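Here are some exercises for you to work through with the model on your screen. Try each task on your own before you read the solution.

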Amino acid sequence: MTDAVQDKSQVVRNVINPDKIDGPVVIIGQGGIGAILTRYLSVMLASLKPDAEVLLVDGDHYEEANRYRMAIPEFAKKAEANCKELSALLPNGPWLEPVT
């Protein structure tokens with residue numbers, strides 16, 4: 001392996017290592033990609049670090065015209081809707097809080 005590949009491998013291991021999380025995880029944007037990222041990250045943290053805090057930042061509302069791109073069935077503020085659904089799905093953690 002080249003030095004560049006080894007360096008990138010180390011970065012990836014540090015990023016997905018829940019033991020390295022010492023504060024809240026902040027996810028800005030809960031649209032199409034942000035909602036999917038939040039879902040997978042929350043499931044991972046529920047199993048590896050259930051006491052983690054995740055802040056979901058997005059004050060926009062879901063719109064009917066964008067429904068085909070969104071993973072959340074409720075039309076409300078994106079961060080609040082995603083937080084509500086994931087908190088019900090993962091009641092034992094991580095701790096999710098919407099920031100709108």
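**Exercise 1. Find the helices that lie on the sheet.**

Task: Work out which strands helix α2 lies across, and at what angle it runs to β1.

Solution: Keep in mind that you're looking at a predicted model. Start with α2: this helix lies across β1, β2 and β3, and runs at about 160° to β1. Now move on to helix α3, residues 78-89, which packs on the sheet as well and touches β2 and β3. The direction of α3 makes about 165° with that of β3.

**Exercise 2. Put the strands in order.**

Task: Give the order of the strands in the sheet, and say whether the pairing is parallel or antiparallel.

Solution: Let's go pair by pair.
- Strand β1 (residues 25-28) pairs with strand β2 (residues 53-57) in the parallel sense, over four bridges. Along this pair, Ile27 stands opposite Leu56 in β2.
- Strands β2 and β3 run parallel too, joined by five bridges. Here Val57 stands opposite Val99 in β3.

Put the pairs together and you get an open sheet of three strands, ordered β1-β2-β3, with parallel pairing. β1 and β3 (95-99) are at the edges with a single partner strand each, so one side of each has no neighbour in the sheet. On average, neighbouring strands of this sheet are turned by 20° against each other, if you ignore direction.

One more step: follow the chain from β1 through α2 (residues 32-48) to β2, and you've traced a right-handed β-α-β unit.

**Exercise 3. Sort the side chains of β1.**

Task: Which residues of β1 are on the covered face, and which on the uncovered one?

Solution: Begin with the general rule: in a regular strand, side chains alternate between the two faces of the sheet. Now apply that to β1: Val25 and Ile27 make up the covered face, while Val26 and Ile28 make up the uncovered one.

**Exercise 4. Track down the salt bridge.**

Task: How many salt bridges does the structure hold, and which residue does Arg39 pair with?

Solution: The count is one. Arg39 forms a salt bridge with Glu85, and their closest N and O atoms are 2.7 Å apart. This pair links distant parts of the chain, with Arg39 in helix α2 and Glu85 in helix α3, 46 residues apart. Next, check the exposure: Arg39 has 24% relative accessibility, so it counts as partly exposed. Glu85, at 27%, is also partly exposed.

**Exercise 5. Look at a lysine without a salt bridge.**

Task: Is Lys49 buried or exposed, and which side chain of opposite charge is nearest?

Solution: First find Lys49 in the loop between α2 and β2. Lys49 is buried, yet has no salt bridge. The nearest side chain of opposite charge is Asp51, 4.1 Å away; the cut-off for a salt bridge is 4 Å, so this pair doesn't qualify. Leaving aside neighbours within four places in sequence, Lys49 is in contact with Pro18 and Ile21.

**Exercise 6. Finish at β3.**

Task: Where is Pro94, and what kind of peptide bond joins Gly93 and Pro94?

Solution: Pro94 is in the loop between α3 and β3. The bond joining Gly93 and Pro94 is a cis peptide bond, with omega at about 0°. Then step along to Val99, which lies in β3. Val99 and Val57 are 42 residues apart in sequence, but their C-alpha atoms are 4.7 Å apart in space. Val99 has 33% relative accessibility, so it counts as partly exposed.

Terms used. Residues are numbered from 1 along each chain as its sequence is written. This is a predicted model: local features need pLDDT of at least 70, side-chain atom pairs count only at pLDDT 80 or more; totals for chains, interfaces and linings use all residues. Side-chain values use heavy atoms; hydrogens and water are left out. Buried means under 20% relative accessible area, exposed over 50%, partly exposed in between (1.4 Å probe, protein chains only). Helices (H or I, at least four residues) and strands (E, at least two) are DSSP runs, numbered from the N terminus. Two strands pair if DSSP finds at least two bridges between them. A crossover is right-handed if, with the strands pointing away from the viewer, the path from the first strand over the helix to the second runs clockwise. Axes are lines fitted to C-alpha atoms, for helices over the stretch in contact, and angles run from 0 to 180 degrees between N-to-C directions. Contact means heavy atoms within 4.5 Å. Lys and Arg count as positive and Asp and Glu as negative; His and the chain ends are not counted.
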